[in-house]
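Let's take a walk through this fold, one piece at a time. Keep the 3D view open and turn it as you read.

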Amino acid sequence: MQPPSDHRRNRPYPRNVNGRPHKHAWPGEYTYCPHCRAELVAADLGGRTRMRCPECGFVHWRNPGVGAAVVVFDDIRRILLVKRAVGATRPGLWSIPAGFVDYGEEIRAAAARELLEETGLVAEVGGVVWVASNFHDPAKLTVGIWFQGTVTGGVLEAGDDAEEAAFFSLDDLPPMAFETDVAYLQSLGAGIDGVGDG
Ligand SMILES: [Zn+2]
């Protein structure tokens, strides 16, 4: 999915999950001040609408979260993917193993942790192979960083928010969850047109 044009132009996000117009410009913005509990008001700051507290001056500056993914190939150039479990974003579809970097966590440590949790494999996390902004969830935008991974141990077994973990040929990929994974796989020459149907 391409980012809706409204996001880039900072127009009100057209609909919330119930189909009604959303209260804020971006889903997930605070309604009340997290410091003093006053109701926030929209303010034009630097040409863009921000939610600001009229009592204490708090401004809800929002930044994307950071996701770390690990690209692992086996010795016949199949790529390791996970099937997303119920409760994960886009369950039933497949993705490159990845997860959020925790606050205070070093990014390669986060990448290795997510790989271990989702696939049971221990890997040495190497260089960056892909970087992209993810717009699939307007309430939780992220910047994704895909690292090369070299497996050094562990036993392949799905866990955490993955219900399966398996290697796939680039010519025979399962239905994928995320446009940015698809774009990376296409850059490798994979025969895949887009994301699968959730
Ligand atoms: Zn306040």
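A good place to start is helix H2, and in particular the side of it that is tucked away. Its buried residues are Ala110, Ala111, Ala112, Glu114, Leu115, Glu118 and Thr119. Bear in mind that you're looking at a predicted model.

What do those buried residues pack against? Strands, and quite a list of them: S3 (65-71), S4 (78-84), S6 (98-100), S7 (121-134), S8 (142-154) and S9 (162-169).

Now check the helix itself. H2 covers residues 107-119, which makes 13 residues. At 1.5 Å a residue it should span 18 Å, and its end C-alpha atoms are indeed 18 Å apart, so the expected and modelled spans agree. Just past the end of H2 you'll find Gly120, which takes a positive phi of about 80°.

Next, the sheet that H2 lies across. It's an open sheet of four strands, and reading across it you get the order S6-S3-S8-S7, with mixed pairing. S6 and S7 are the edge strands, each pairing on one side only. On average, neighbouring strands in this sheet are turned by 25° against each other, ignoring direction.

Zoom in on the S3 and S8 pair. These two run parallel and are joined by seven bridges. If you'd like a landmark, find Val71, whose bridge partner in S8 is Gln148. While you're looking at strands, remember that side chains in a regular strand alternate between the two faces of the sheet.

How do the helices sit relative to these strands? H2 lies across S3, S6, S7 and S8, and it runs at about 110° to S7. Helix H3, made of residues 179-187, lies across S7 and S8, running at about 105° to S7.

That leaves S4, which you met above among the strands packed against by the buried residues of H2. Is S4 mostly enclosed or open? Six of its seven residues are buried, so S4 is largely enclosed by the rest of the structure.

S4 also has pairing partners to look for. With S9 it pairs in the antiparallel sense, over seven bridges. Arg84 is a handy marker here, standing opposite Ala162 in S9. S4 is also joined to strand S5, a short run of residues 94-95, by two bridges, and these strands too run antiparallel. To spot that contact, look for Lys83, whose bridge partner in S5 is Trp94.

Note on methods:
Residues are numbered from 1 along each chain as its sequence is written. This is a predicted model: local features need pLDDT of at least 70, side-chain atom pairs count only at pLDDT 80 or more; totals for chains, interfaces and linings use all residues. The expected span of a helix is 1.5 Å times one less than its number of residues. A residue is buried if 20 or more other C-beta atoms lie within 10 Å of its own, exposed if 12 or fewer, and partly exposed in between; C-beta atoms are placed from the backbone. Two residues are in contact if their C-beta atoms, placed from the backbone, lie within 7 Å. Two strands pair if DSSP finds at least two bridges between them. Axes are lines fitted to C-alpha atoms, for helices over the stretch in contact, and angles run from 0 to 180 degrees between N-to-C directions.
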